[in-house]
Amino acid sequence: MMRRLAAWPTVVATCLAMLPLLALGAIILSTLLRSLDAFARPAELFGPDLISPFVRTQGVQYGLQGPVWGSLLVTFVAIALALPGSLAMALVATEMRVPLLSDALSAIVGALAGIPPVIYAFGAIFLVQTFMAPKFAADGVSDIRLKAVLQGRPTFIPTELPQQFPNNSTLLGGVLLGLLIIPLMTPLIDDALHAVPPELKQASLALGAGYWYTLLRISLPWALPGIAAATTLGMLVALGEVVIPYFVIGGALNPIHVTSPLWDVFDRTPPLTSTGASLVGGVGGEEEGIRAQAIAVSYATALLLLAFAIGIMGFEQLLQRRLRARLHP
Amino acid sequence: MTAAEIGVPHVVQAPVRPRAATRAKRSTRTSQAIRLAPAVLLLCAAVLAFGLGVACSLSVMLEWLTLPVLGALAICSLLLISAIFGETRRLDAPLICLLGACLVGTAILGGLPTYFGVPGLKAIFSHSAVSAPVLLILAVPCACAALYHLLGGTPRADDLSRYPLVLVPVLLTLAAYLAVGLYLVESGVQQLAQPDPVDGSPGWTVFFHEFVNPNLPPYVRRAGLQNQVIGTGLLALLTMLIALPIGVASGVFVAEIGGDRFARLVQVATSALRGMSVFLLALLATTLVKAAVGTPLAPFIDGYWIDVNGNLRLMHGSYLTAALVTALLIVPVVARATEEGCRSLPRGIREGSAALGATTDYTLVHLTLPWAIPNILTAALLGCAEAAGCVATLFFIAGTGETGVGPFNEVTSLAFSVFAAQFSPDKPVRDLNRPYQYAAALALLLIALALTAAALLIKRRYATRYRGA
């Protein structure tokens, strides 16, 4: 043991490998410490309404129910779009080969995975102009080309930018997050499908089952742990992404409530990330005085996000164990 | 062994008169045509419905075609059902379900007004918001059913007929990416082609001069992306310089050094860094910057600038701080790739090295790490792309970058300038950046795609290099 420790590569690698552990501890600790002020008033923190100091100076409230629900809605929409999308992509790339497309698909997905989230935010303008604006409106029908969803409500920069980045519905944010996570989920599902033992598939085919039957009954159940892992990754990214919700749904510059009915994805419910980010303020935020409580609440949103992420990862571990136990009894 | 040898009686074919044979063949062909015609019709109707669904999601002008096309789908499926019934005396259950769905869809769409509201929801919907998904959802199974019967109803046809189910979502998704990309390229090129609003120089020269403070007199200030482009490169480089050693060490530790428990701990820590929200990293950056104020480290963490009077001015955050925080995002990627690379070292090589008397450390440095280099290189390039495009960690600390580019200057990047053009609290900064927002995004997209493509090429090249090993 002593001789092994005396060797420099081991020592250096061990020391460096401890850094992520320390960084994680430091992040959690600093977030916890700075959010203590917010948790001192739990009744307000978990209340239904968030009315930030940006909206009005009197009667400021920091209820996080709305942002929490917004996070869940956005994640749900993103996964509902991305899971079938990435599953279909992985199937075309591995199982149901199509000439030309299948080979190109893995390269396309690889390239798409490297595109930064801020680029996807530009999809918002495009989608609003082509899909949303002609189809939805919030306040009456004035002409054939309807106004964007919920326009007429207070928006970020309403007078300057009628066409660009309108503060939009939870639905649009979820759709763009879905586009963001499809290329991240596809390779994982791809790997899971590749890892299905070929002898199982061959046995199924030899016994007379068709390819589609084999896919549904053998490959997909066998790849289920991998698909669950991909879904978890997608959920974590969609839940934690800041830039797209900030551009598309907006932050705490408007009052935030829990939607009624609950599943109203056409309303504007900013998730925890963009709410927290706008509470800290933009470049060089954190002014003194009135903002101290807002900043504490922002750290509290970060802590909640961390709790959600840990919950999702823990649930996935449990699920993986159950699924694997079922596959290898 | 032939059939005669195993005693299978020789089958004597009855002599068939040529005219009768021709007649029989013709009648078979006719029955085939009777059976195939409705399937072809249904396929055509399904393709038409799919096209109309796409058109309906793009515009509201083709609304009036929805009901006729749905009716055609229903009639064609009815024809196919009756053709199958005429042949086999059995009703095809999936087709009947499809027919029912078509009828329900027709009834719903026929009853809806051009614009309608849903009780409780704060939105008004256009008719096409419903007709497009209904058409798309009905067209795909109809195409599957038509293909199945067109291909003869065999098990092979069953397999082939499922292709639309998988291909349609893939094509729609790819079309969405393509549309967003084309929109960005078109708008970016447009912005670059327009002359600068301040001095009238061609738009593309924005990449070759610096951003000048918009709070200076109007004849001096101008938009510039030169520092942003160089800054993006510096940020990616610094991030990699920090992330690469830590990531490689963590990966090596998990795969080779740490026993069971320690390796697992480091693995959980790195995956937690990746799994948690980037928003926490954004907050970490601003915490670091605020904590450094008043300490000797302040100029290095916060970034500094010596103004014309020789005074030291502190900024909101330096490239070094941004790189430190962004590195936490990249470390897990590098660690994971290194771990995979180390684990993929063939056992024979490892054992051979040990048998020849090499120490564990010698094997690690001279065999395992070189083996993992392709993986590490791929992860490094992907990490560069991610660092270049990361806005979240710069959210609260970046600025306009007018004080130059260096490890201790105020941080900025192309991605951040896209963000600042929209949300900078300084209105003049927004106004100067806005005319080049798409251009900056386009440049960022090209940089990210180039880095990712390089990573993919390396991965592909080295994946085949050791195939014989």
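A salt bridge is taken here as a side-chain nitrogen of Lys or Arg within 4 Å of a carboxyl oxygen of Asp or Glu. The structure is a predicted model, and the contacts below are computed from its atoms.

**Salt bridges**

Under this criterion, B:Arg336 and B:Glu339 are joined by a salt bridge, because their closest N and O atoms are 3.6 Å apart. Both residues belong to helix H11 of chain B, which covers residues 319-343. They are three residues apart, or about one turn of the helix. The pair does not stand alone: salt bridges with shared partners link B:Arg336, B:Glu339 and B:Arg343 into one network.

The two partners differ in burial class. B:Arg336 has a relative accessibility of 45% and counts as partly exposed, whereas B:Glu339, with a relative accessible area of 7%, is buried. The latter assignment follows because buried means under 20% relative accessible area.

Over all chains, the search of the whole structure finds 11 salt bridges. Three of these pairs are listed here, with the N to O distance for each.

| Basic residue | Acidic residue | N to O distance |
|---|---|---|
| A:Arg41 | A:Glu44 | 3.5 Å |
| B:Arg162 | B:Asp158 | 2.9 Å |
| B:Arg336 | B:Glu339 | 3.6 Å |

In the chain A pair, A:Arg41 is partly exposed at a relative accessible area of 44%, and A:Glu44 is likewise partly exposed, at 24% relative accessibility. In the pair formed by B:Arg162 and B:Asp158, the arginine has a relative accessible area of 24% and is partly exposed. B:Asp158 is also partly exposed, with a value of 26%.

**Aromatic contacts**

A pair of aromatic rings is described by the distance of the centres and the angle of the planes. The count for the structure comes to 16 aromatic pairs over all chains. One of them is formed by B:Tyr183 and B:Tyr438, with 5.9 Å from centre to centre and 80° between the planes. This geometry is edge-to-face, because the angle is over 60 degrees.

Which helices of chain B hold these two tyrosines? B:Tyr183 lies in helix H6 (residues 163-193) and B:Tyr438 in helix H16 (residues 437-465), so the contact ties together parts that are 255 residues apart in sequence. Both B:Tyr183 and B:Tyr438 are buried.

A further aromatic group draws on both chains. A:Tyr246 and A:Phe247 form one aromatic cluster together with B:Phe395, B:Phe396, B:Phe416, B:Phe419 and B:Phe423.

Technical notes:
Residues numbered from 1 in each chain as written. Chains lettered and ligands numbered in written order. Predicted model: local features only at pLDDT ≥ 70, side-chain atom pairs only at ≥ 80, totals over all residues. Heavy atoms only, no water. Buried < 20%, exposed > 50% of the residue type's maximum accessible area, 1.4 Å probe, protein only. Helix = DSSP H or I, 4+ residues; strand = E, 2+ residues; numbered from the N terminus. Phe/Tyr/Trp six-rings, centres within 6.5 Å; stacked < 30°, edge-to-face > 60°.
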